[in-house]
Amino acid sequence: MDRVSVSVCVYFEDPFWVGVVERTTEEGLSASKITFGPEPKSYEVYGFLLENYYRLRFSPAVETAVKELHVNPKRMQRKVRRQMEDRGTGTKSQQALQMQHEQMKTERRVSVKEHREAAKLRKFELKQQKKKEKHRGR
């Protein structure tokens, strides 16, 4: 059976509130970044995730060690409290977001290059057509 663990961290990154969704699967950890405007309430974040989870663009998976241990409830509560105090993203999620950023950058470069080549070709064909029309007139 597939085990998927999802955690959400919301923090203030001047001038907006940002949420990082970390998804841990068998392949590894992948992350997605969400930009909120004003400070979101917890129910707003939850509602956003319910509506838009499948539309989020997750980064490629970064390999991570997944341990399955039974955790004492009090220890888990302390861990949650510490995580609530800590702000920011974990290093694995930062790596995942960086990989996603690089991937999107290369996709953008390819599309811009294709667009530029198409414009160049269109200009060239227009020039050729003008030459033919000028030649026809005589």
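**Figure 1. Gln100 and its surroundings in helix H3 of the predicted model**. Gln100 has a relative accessibility of 11%, and because buried means under 20% relative accessible area, this residue of the predicted model counts as buried. Its place is in helix H3, and when residues up to four places away in sequence are not counted, Gln100 touches Ala31, Ser32, Arg57, Phe58, Ser59 and Pro60. Gln100 also belongs to the residues that line the second largest pocket, as do two of its contact partners, Ser32 and Arg57.

**Figure 2. The second largest pocket and the residues that line it**. This pocket has a volume of about 180 Å³, and its lining is made up of Ser32, Lys33, Arg55, Leu56, Arg57, Leu97, Gln100 and Met104. Strand S3, which runs over residues 29–36, and helix H3, which runs over residues 91–136, each supply at least two residues of the lining, and H3 gives the most, with three residues. By residue class, the lining divides into three charged, three nonpolar and two polar residues.

**Figure 3. The buried and exposed sides of helix H1**. Within helix H1, which spans residues 42–52, Val45, Leu49 and Asn52 are buried. Seen down the axis of H1, these buried residues fall within an arc of 95°, so they line one face of the helix. On the other side of H1, Tyr43, Tyr46, Leu50 and Glu51 are exposed. What covers the buried residues of H1 includes the strands S1, S2 and S3, and S3 is also one of the elements that supply at least two residues to the lining of the second largest pocket.

**Figure 4. The cis peptide bond before Pro15**. The peptide bond that leads from Asp14 to Pro15 is cis, and its omega is near 5°. Pro15 has its place in the loop between strand S1, residues 5–13, and strand S2, residues 16–24, and both of these strands are among the elements that cover the buried residues of H1.

**Figure 5. Ser5 in strand S1 and its contacts**. Ser5 lies in strand S1 and is partly exposed, with a relative accessible area of 43%. Although Ser5 and Arg23 are 18 residues apart along the chain, their C-alpha atoms are separated by 5.7 Å. Leaving aside residues up to four places away in sequence, Ser5 touches Arg23 together with Glu22 and Thr24.

**Figure 6. Ser111 and a polar contact to the backbone of Arg108**. Ser111 lies in helix H3, where its relative accessibility of 38% makes it count as partly exposed. The side chain of Ser111 reaches the backbone oxygen of Arg108 at a distance of 2.9 Å.

**Figure 7. His135 in helix H3, shown together with Glu13**. His135 is found in helix H3, and at 67% relative accessibility it counts as exposed, since that term applies over 50%. His135 and Glu13 are 122 residues apart in sequence, and the distance between them in space, C-alpha to C-alpha, is 63 Å.

Terms used:
Residues numbered from 1 in each chain as written. Predicted model: local features only at pLDDT ≥ 70, side-chain atom pairs only at ≥ 80, totals over all residues. Heavy atoms only, no water. 1 Å grid on protein atoms, 1.4 Å probe; cavity = no way out; pocket = protein on both sides within 12 Å on 5 of 7 lines; lining within 4 Å. Points joined across faces, edges and corners; volume = space filled by probe spheres on them. Helix = DSSP H or I, 4+ residues; strand = E, 2+ residues; numbered from the N terminus. Nonpolar A, V, L, I, M, F, W, Y, C, P; charged D, E, K, R; others polar. Buried < 20%, exposed > 50% of the residue type's maximum accessible area, 1.4 Å probe, protein only. Arc of directions from axis to C-beta. Contact = heavy atoms within 4.5 Å. Polar contact = N/O pair within 3.5 Å; in protein donor to acceptor, adjacent residues only side chain to side chain.
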